[in-house]
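Trainee: Could you take me through how aromatic pairs and helix packing are read from a model?
Mentor: Let us look at the structure together.

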Amino acid sequence: MEEQTIVRVAVDAMGGDNAPAEIIKGTVLAVCEDNRVHAVLVGKEEVIREQLKQYTYDRERITVVHAEEVITNEEAPVMAVRRKKDSSIVKAMTLVKNNEADAFVSAGSTGAVLVGAQLIVGRLPGVERPPLAPLLPTSKGVSLLIDCGANVDARASHLVQFAKMGSVYMENVIGIKNPRVAIVNIGAEEEKGNALVKETFPLLKNCNEINFIGSIEAREIPSGYADVIVCEAFVGNVILKLYEGLAATLIGEIKKGMLSSLRSKLGGLLVKPALKETLKDLDSSKYGGAPMLGLKGLVVKTHGNSKSDEVKNSILQCIAFKEQNISEKIKSSIMVNEND
């Protein structure tokens with residue numbers, strides 16, 4: 001009988017707008033949903049244990065590591081990571097660095113997570129810049145947006161590595177064989193784009209290890225035209241924020257319209273079950289957080305306003321990452337490129 005994989009996930013219990021309550025609740029939900037998860041809650045021990053009292057769960061599968069300090073969004077990330085050695089972010093990432101945890105999940109300061117990921121967890125050999133890569137819901141399932149916030153001033157060689165790392169992730173974690181890779185552009189023609197896109201396009205076109213299909217315009221993203229969407233972080237972050245904001249606005253307007261008259265209320269009751277199911281597929285929180293690829297261990301950044309369900313899903317997504325040995329596969333993919 002094959003031995004079951006145990007995935008040790010260090011969770012920043014103090015990070016995020018809804019910490020610690022929603023973070024701890026999400027951690028408990030993850031442990032109860034999948035017995036492969038062993039969670040390590042890092043933060044103020046007394047506060048964490050008080051919160052845990054209200055839940056029923058396997059006590060052996062959640063441990064607590066005390067961290068006295070908390071890094072806030074207002075602090076300069078580099079200075080905070082260097083000075084606050086006893087913070088929940090630094091201590092949790094150190095667990096990953098020391099192989100005492102397989103992954104790290106945080107809804108806390110994005111800057112501190114990005115800095116800590118590189119300074120503490122460290123990059124894989126050959127990786128120039130680790131990107132943040134969230135999954136976007138589309139009409140065909142999901143697409144990976146890479147990069148969405150880690151590397152604002154990227155070079156062409158970085159984007160080629162993003163494409164390779166994104167392809168490894170989508171094929172092995174999401175299960176999409178030979179994923180289609182496209183670069184964000186302002187038109188389909190090869191000669192279009194800014195200097196970065198024009199320099200990157202031929203490199204992607206000549207990269208034999210990916211299934212490059214050309215340019216993708218922003219309007220084509222929701223239709224699932226590509227599985228891996230490559231861009232530098234400034235563009236990616238704009239796409240991500242617009243995507244999330246538009247989705248929230250549309251849902252709000254649909255609800256408002258359904259309550260505008262007696263007729264619409266009656267019609268709303270009829271379509272509510274089907275509409276609820278459809279809107280659930282468009283909720284990005286069901287896919288967890290954004291993994292930071294190209295590191296020696298997995299780092300997952302969730303939204304600052306994450307509720308328990310998104311925290312749970314962020315923890316559960318770490319399972320496939322470890323089971324499929326994604327870090328080693330990314331390392332092999334990058335090293336092949338280095339040796340070409």
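**Aromatic pairs and a helix crossing**

Mentor: We begin with Tyr169, which is buried at a relative accessible area of 2%, where buried means under 20% relative accessible area with a 1.4 Å probe, protein chains only. The model is predicted, so local features need pLDDT of at least 70 and side-chain atom pairs pLDDT 80 or more, while totals for chains, interfaces and linings use all residues. Residues are numbered from 1 along each chain as its sequence is written, and side-chain values use heavy atoms, without hydrogens and water.

Trainee: How many aromatic pairs are there by the rule?

Mentor: Rings of Phe, Tyr and Trp (its six-membered ring) pair if their centres lie within 6.5 Å, with planes under 30 degrees apart counting as stacked, over 60 as edge-to-face and the rest as tilted; the count here is 2 aromatic pairs. Tyr169 and Phe321 have ring centres 6.4 Å apart and planes at 45°, so this pair is tilted. Phe321 is also buried, with a relative accessible area of 7%. Phe201 and Phe212 are edge-to-face, at 5.1 Å centre to centre and 80° between the planes, and both are buried.

Trainee: At what angle do residues 21-33 and residues 45-52 pack?

Mentor: Two packed helices are described by the angle between their axes and the distance between the axes. Helices α1 and α2 (DSSP runs of H or I, at least four residues, numbered from the N terminus) pack at about 55°, with axes 10 Å apart.

Key:
Buried < 20%, exposed > 50% of the residue type's maximum accessible area, 1.4 Å probe, protein only. Axes fitted to C-alpha atoms, helices over the stretch in contact; angles between N-to-C directions. Helix = DSSP H or I, 4+ residues; strand = E, 2+ residues; numbered from the N terminus.
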